[in-house]
Amino acid sequence: MGVTANGYHPTFFKDDQGARVFFPKMSFGFPLTVRTTPGAELDKQQVSDLLKKIDGSLFVYESHGLEAEYNEVVRRESLIIVIVPTLMLLLCSAGIFGVLSYNINLRRYEIVIRMAVGATRSSVYQNSILHLVAPVVGGGGLF
């Protein structure tokens, strides 16, 4: 929440002479942070009673301690730290699969000719694996 002086809004300037109060956009109200002296306990009902003295329409919807807010922020950040790298790994895996599939597709005629000439399956597999692993190892070496 913030208060400004000498703001200008063409519609409301005459009514309030430029002073405006801004609240964060929330569907049910605005956050209120209460600072107490160290060791003091303040519950939801006490805050609600104090707000009623200021304005009868104000009430406390929900209340959280600082530790609960901190834990919620840490939980959200931890979730992001897990989700983003997982998505990146999936995307990289799909890219590597595409490159390997493309390489095999280019070499399919070579593989067929080798098999027709008399190469064994094991030698064709070894040759294919060697050609497939080389780009993966080379790409892994960059990181």
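This text walks through a predicted model of a protein, from its overall layout to single residues and their partners.

The protein contains four helices and two strands. Read from the N terminus, these elements follow the order β-α-β-α-α-α. Of the 143 residues in the protein, 8% are buried. Contacts can also be sorted by how far apart the two residues lie in the sequence. Among contacts with a separation of 6 or more, 17% join residues 24 or more positions apart. The exposed surface of the protein comes to about 12500 Å², and carbon and sulfur atoms supply 65% of that area.

Before going into detail, it helps to know where the prediction is confident. The average pLDDT of the protein is 76, and 76% of the residues reach a score of at least 70. Confidence is lowest in strand 1, residues 2-4, where the mean is 48, and highest in helix 3, where it is 88. Over residues 18-26 the pLDDT is below 50, although the model gives this stretch 21 contacts beyond near neighbours in sequence. Where pLDDT is low, the predicted coordinates should not be read in detail. The rest of this text turns to helix 2 and helix 3.

Helix 2 spans residues 44-54, and Lys52 is one of its residues. Which residues are buried in helix 2? They are Val47, Ser48 and Leu51. These residues lie on the same side of helix 2, because they cover an arc of only 100° around the axis. Lys52, in the same helix, has a relative accessibility of 42% and therefore counts as partly exposed, a class that lies between the 20% limit for buried and the 50% limit for exposed. Leaving aside residues up to four places away in sequence, Lys52 touches Leu58 and Phe59.

Helix 3 covers residues 66-117 and includes Arg107. Val82 also belongs to helix 3. With a relative accessibility of 51%, Val82 counts as exposed, since the class begins over 50%. Val82 helps to make a nonpolar surface patch of about 470 Å², together with Leu79, Ile83, Leu87 and Leu90.

Helix 3 also holds pairs of charged residues. Side chains of opposite charge can pair when their charged atoms come close. How many salt bridges does the structure hold? There are four. One of them joins Glu72 and Arg76, whose closest N and O atoms are 3.3 Å apart. Both residues lie in helix 3, four residues apart, which is about one turn of the helix. An α-helix has 3.6 residues a turn, so residues three or four places apart point the same way. Glu72 is partly exposed, as its relative accessible area is 26%. Glu72 and Arg76 are also linked with Arg75 in a network of salt bridges.

Further along helix 3, Glu110 takes part in two pairings. In one, its side chain meets that of Arg107 in a salt bridge with an N to O distance of 3.1 Å. Arg107 and Glu110 are three residues apart in helix 3, about one turn of the helix. In the other, Glu110 forms a salt bridge with Arg114, and here the closest N and O atoms are 3.1 Å apart. Arg114 and Glu110 are four residues apart in helix 3, again about one turn of the helix. Glu110 is partly exposed, with a relative accessible area of 30%. Arg114 counts as partly exposed too, at a relative accessibility of 37%.

Is Arg107 buried or exposed? Its relative accessibility is 12%, which is under 20%, so Arg107 counts as buried. What does Arg107 touch, not counting residues up to four places away in sequence? Its contacts of this kind are with Asn127, Ser128 and His131. Arg107 thus has its salt bridge to Glu110 within helix 3, and it also touches residues that come later in the sequence.

Terms used. Residues numbered from 1 in each chain as written. Predicted model: local features only at pLDDT ≥ 70, side-chain atom pairs only at ≥ 80, totals over all residues. Heavy atoms only, no water. Buried < 20%, exposed > 50% of the residue type's maximum accessible area, 1.4 Å probe, protein only. Contact = heavy atoms within 4.5 Å. Areas by Shrake-Rupley, 256 points an atom, 1.4 Å probe, with all protein chains shown as cover. Patch = residues over 30% accessible without salt bridge, like charges linked within 9 Å, V, L, I, M, F, W, Y side chains within 5 Å. Arc of directions from axis to C-beta. pLDDT = per-residue confidence, 0-100.
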